[in-house]
Amino acid sequence: MKPETACIHGYKQSPDTSGGIAVPIYQAATFVHPSINNPSEYIYSRVKNPTREAAEQTVAALEGAQEGFGFSSGMAAIATVMELFEPGSHIIATDDLFGGSIRLFTTITKRHGLEFDFIDTNDIPTLKSKIKQNTKAIYIETPTNPMTIVTDIAAVKAAVSGMDILLIVDNTFLSPYFQNPIALGADIVIHSGTKYLGGHSDALAGFAVLNCPALRQRLTHLHTSIGATLSPMDSYLIVRGIKTLAVRLDRAQENALALANWLKAHPRITAVYYTGLPCHPGHEVMKKQARGFGAMMSFETDKPETARNIVERTKIISYAESLGCVNSLITIPVLCTHADVPEEERLLRGINDRLVRFSVGIENVQDLIEDLAQAME
Ligand SMILES: *Cc1c(COP(=O)(O)O)cnc(C)c1O
């Protein structure tokens, strides 16, 4: 099944026999067993729920995975996956990760006895030099947020081949429509379903998908035991959102490329970070490992004041956290998503007070350009 078709037909027919073309919302916590000798397939919704299954099957189908797990948020998915590791384990992670993941790893996960090294995972020699006896996973995001640094997933896989090290990829930024890390060697793929999968910023969701049967068994145990599972209503919204994933992302990407080129030529803009631009250092790797460049970018303004003017004066583009919505959203990372990252570390990575992150939506591109232009006047 091609991705556009999997968006719509990625889940099995629901147990409902009415013929309804939309997946029903099974808003039930518990399910009745027909008899002692004939227990129902569904027992309790923390364990399994038919609406959640539709969402899990769709995301798994899109990622080319056998198994999907739906969580109540992206962070719930990441925190649960981290429980796969025993205290004393060492994990190498991308240094430009989503701020919430950095916060989780450096506070809570660390307290559970896990040790992290944050590096530029694009730098394979450094990655190899960081591998220790207790290294159990490589955790990557590509392209990153907000600097859009691209990691070659297959090259990371090759660097750890033959070792007992899991490769975990957070694929939120590109969505499974544009990139499938399992085909490139990833063992576990994570999504914040809140972003492109849902696409309308009306549901919180997270997913983890994988193929390995032993891992599936362990994650099933953690998913059910910890219980941060995706609710029936939010599962429905995700299934509904994914139906238009392909058309939304095609439009958003088209807008993003036009905006990146427009911004690049604007006198108040000093840098544009978008992987779709041929001058982006990760452009060639993206062409090799992804089917598109997505619709996330960052750009640097001449002065902090310009960045502030943009978020305060745009009328169509909303000043809001999050990304992957049909609406265009804009933030200043140092004030929002990366406020918890120490300043020194932030500046080292180019995250300064002139940097604006832009999640391009599916509005008319000329309207978006005019909105930005008037905000910078
Ligand atoms: C938003 C986000 C998360 C966290 O997901 P929530 O649904 O907000 O909990 C994790 N990773 C990335 C890359 C994200 O953008």
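This is a short walk through one protein model and the ligand it holds. Keep in mind that the model is predicted.

Let's start with the ligand. Where does it sit? The ligand is in the largest pocket. Around it stand 14 residues. Met75, Asp170, Ser192, Thr194 and Lys195 come nearest.

What kinds of residues make up that shell? Six are nonpolar, five are polar and three are charged. Which element gives the largest share? That is helix α3, which spans residues 74–82. Helix α3 supplies three residues of the shell.

Now the polar contacts. I'll take three, each to an oxygen atom of the ligand. At Gly74, the partner is a polar backbone atom, and the distance is 2.8 Å. Ser192 uses its side chain instead: a polar atom there lies 2.8 Å from a ligand oxygen. Lys195 also uses its side chain, with a polar atom 2.7 Å from an oxygen of the ligand.

How much of the ligand does the protein bury? Taken alone, the ligand exposes 380 Å². The protein buries 93% of that.

Let's leave the ligand and turn to charge pairs. Side chains of opposite charge can pair when their charged atoms come close. How many salt bridges does the model have? With a cut-off of 4 Å from side-chain nitrogen to carboxyl oxygen, the count is twelve.

Here is one of them. The side chains of Glu56 and Arg52 meet in a salt bridge, at 3.3 Å from N to O. Look at where the two residues are. Both lie in helix α2, residues 50–63. They are four residues apart, about one turn of the helix.

Last stop: the loop between β4 and α6. Strand β4 covers 135–141, and helix α6 covers 153–159. Find Pro143 in this loop. A cis peptide bond joins Thr142 to Pro143, with omega at about -10 degrees.

Move along to Pro146, which is also in the loop between β4 and α6. The bond joining Asn145 and Pro146 is a cis peptide bond too, and here omega is about 5 degrees.

One further residue in this loop deserves a look: Thr148. What is its phi? Thr148 has a positive phi of about 55 degrees, although Thr148 is not a glycine.

To recap, there are three places to find on the model. Start with the ligand in the largest pocket. Go on to the Glu56 and Arg52 pair in helix α2. Finish in the loop between β4 and α6, with Pro146 and Thr148.

Technical notes
Residues are numbered from 1 along each chain as its sequence is written. This is a predicted model: local features need pLDDT of at least 70, side-chain atom pairs count only at pLDDT 80 or more; totals for chains, interfaces and linings use all residues. Side-chain values use heavy atoms; hydrogens and water are left out. A residue is near a molecule or strand if one of its heavy atoms lies within 4 Å of it. A polar contact is a pair of N or O atoms within 3.5 Å; within protein, one must be able to donate a hydrogen and the other to accept it, and residues adjacent in sequence count only if both atoms are side-chain atoms. Accessible areas come from the Shrake-Rupley method with a 1.4 Å probe; for residues, only the protein chains shown count as cover. On a 1 Å grid over the protein atoms alone, a cavity is a set of points where a 1.4 Å probe fits but cannot get out, and a pocket is an open set with protein on both sides within 12 Å along at least five of seven lines; lining residues have an atom within 4 Å of a point. A molecule sits in a cavity or pocket if more than half of its atoms lie within 2 Å of its grid points. Helices (H or I, at least four residues) and strands (E, at least two) are DSSP runs, numbered from the N terminus. Ala, Val, Leu, Ile, Met, Phe, Trp, Tyr, Cys and Pro count as nonpolar, Asp, Glu, Lys and Arg as charged, and the others, Gly among them, as polar.
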